[in-house]
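Work through the two exercises below with the sequence and coordinates open. Each task is followed by its solution in steps.

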Number of protein chains: 2
Amino acid sequence: MNPLHLSNQLCFPFYAISKEIIKRYRPFLAPLNLTYPQYLVMLVLWEEDLVTLKSIGGRLQLDSGTLTPLVKKLIQTGYIEKTRNTEDERQLVIRLTERGRNLEEEAKEIPARINEVLGLNKEEYNKYKDMLDELAGKLEIKREDGYC
Amino acid sequence: MNPLHLSNQLCFPFYAISKEIIKRYRPFLAPLNLTYPQYLVMLVLWEEDLVTLKSIGGRLQLDSGTLTPLVKKLIQTGYIEKTRNTEDERQLVIRLTERGRNLEEEAKEIPARINEVLGLNKEEYNKYKDMLDELAGKLEIKREDGYC
DNA sequence: TAAAATTAAATTGTACACAACTTAAATATA
DNA sequence: TATATTTAAGTTGTGTACAATTTAATTTTA
């Protein structure tokens, strides 16, 4: 067994599957003018409006170098607004616009569509999901609110 | 159960875990002047020297838009060379340089080091690996030579 | 409380990813 | 065999990722 053989790598399938799934999101996200990372930010905001950039970064594992331009794009698209926390002017507070809030209704069907495209039944979905959550736990992926 | 909740997404853990593992490769790859995608190209070449760009792309799921600049970088670093296939001038043939071949010896220890950093025992490693290969199969991730 | 340390965003620079398109070579077909 | 089609790389443009640094606000501490 050659450890340097591509087929013996653990990371490569993560890398390949991640890219593949993101590609399959595109047909559903493009009509909403969203990329996959932008969609993730919107998921966070639909769960909890009025969050700091830092908090979004904590949940999605993205730093300000990635989020600053991404947030700028979402503001241009018209889905979010930014203000500063008056208590602590260092903090950027992100909130949904009316359009951003309304978008949730349109996005509601995406998870079901993606499951169709992936062709996994509920059992398979749960099996993979549980294993991923377990591994994320083992890797101690830092998260703010128990998300992984 | 809210399907739009971040914790109910199947793709997000793939995306997060993939990024996390790649980050953990960095301390081992940086001394070799390699990024993770560059390392993947070297893995392909250590398995089989003299391969076309197309073939590398098939195995790694990367297109010419990604590989052309990446190959340029590896040439600058001195690990590979490119020539054209005289039978078919469209095809770029990539080969290792002496330095690129010698690098394999240095890289041999990386998989073991990564396993240490990930903190997974052989059982866990195999469990995750099998499941990933299974899912890659279900998603019909196109590969050229049975790699996934 | 003034200086030092910490923190949150923003900025800079490098390196992917990939869609869409272009170019040139090879193959297929009318 | 000339034209059409296909194919492999390369190019262009947009959008992440992230390390490293900078800036400004807040907190700690001497």
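A residue counts as near a strand if one of its heavy atoms lies within 4 Å of that strand. The model is predicted.

**Exercise 1.** Describe the protein surface near DNA strand D and the polar contacts made there to phosphate oxygens.

*Solution.*

Step 1. Start with the residues around the strand. There are 28 of them, and those that come nearest are A:Thr35, A:Gln38, B:Tyr15, B:Lys54 and B:Ser64.

Step 2. Sort this surface by residue class: 13 residues are charged, ten polar and five nonpolar.

Step 3. Turn to the DNA side. Of the strand D atoms within 4 Å of the protein, 75% are part of sugar or phosphate, and the rest are part of bases.

Step 4. List phosphate contacts from chain A. The side chain of A:Gln38 places an N or O atom 2.5 Å from a phosphate oxygen of strand D. For A:Thr35, a polar side-chain atom is 2.7 Å from a phosphate oxygen. A:Glu89 uses a polar backbone atom, 3.0 Å from a phosphate oxygen.

Step 5. Assign the surface to elements. Those giving two or more residues are H2 (36-47) and H4 (64-77) in chain A, and H1 (11-29), H3 (53-60), H4 (64-77) and strand S2 (80-84) in chain B.

**Exercise 2.** Characterise the packing of H2(A) and H1(B).

*Solution.*

Step 1. The helix axes lie 12 Å apart at an angle of about 115°. The two helices are therefore roughly perpendicular.

Step 2. Their crossing is left-handed.

Step 3. From H2(A), A:Tyr36, A:Pro37 and A:Leu40 meet B:Cys11, B:Phe12 and B:Tyr15 of H1(B). By class, this contact has six nonpolar residues, no polar and no charged.

Terms used: Residues numbered from 1 in each chain as written. Chains lettered and ligands numbered in written order. Predicted model: local features only at pLDDT ≥ 70, side-chain atom pairs only at ≥ 80, totals over all residues. Heavy atoms only, no water. Polar contact = N/O pair within 3.5 Å; in protein donor to acceptor, adjacent residues only side chain to side chain. Helix = DSSP H or I, 4+ residues; strand = E, 2+ residues; numbered from the N terminus. Nonpolar A, V, L, I, M, F, W, Y, C, P; charged D, E, K, R; others polar. Axes fitted to C-alpha atoms, helices over the stretch in contact; angles between N-to-C directions. Parallel < 35°, antiparallel > 145°, perpendicular 65-115°, else oblique. Left-handed = near helix turned anticlockwise from the far one by under 90°. Contact = heavy atoms within 4.5 Å.
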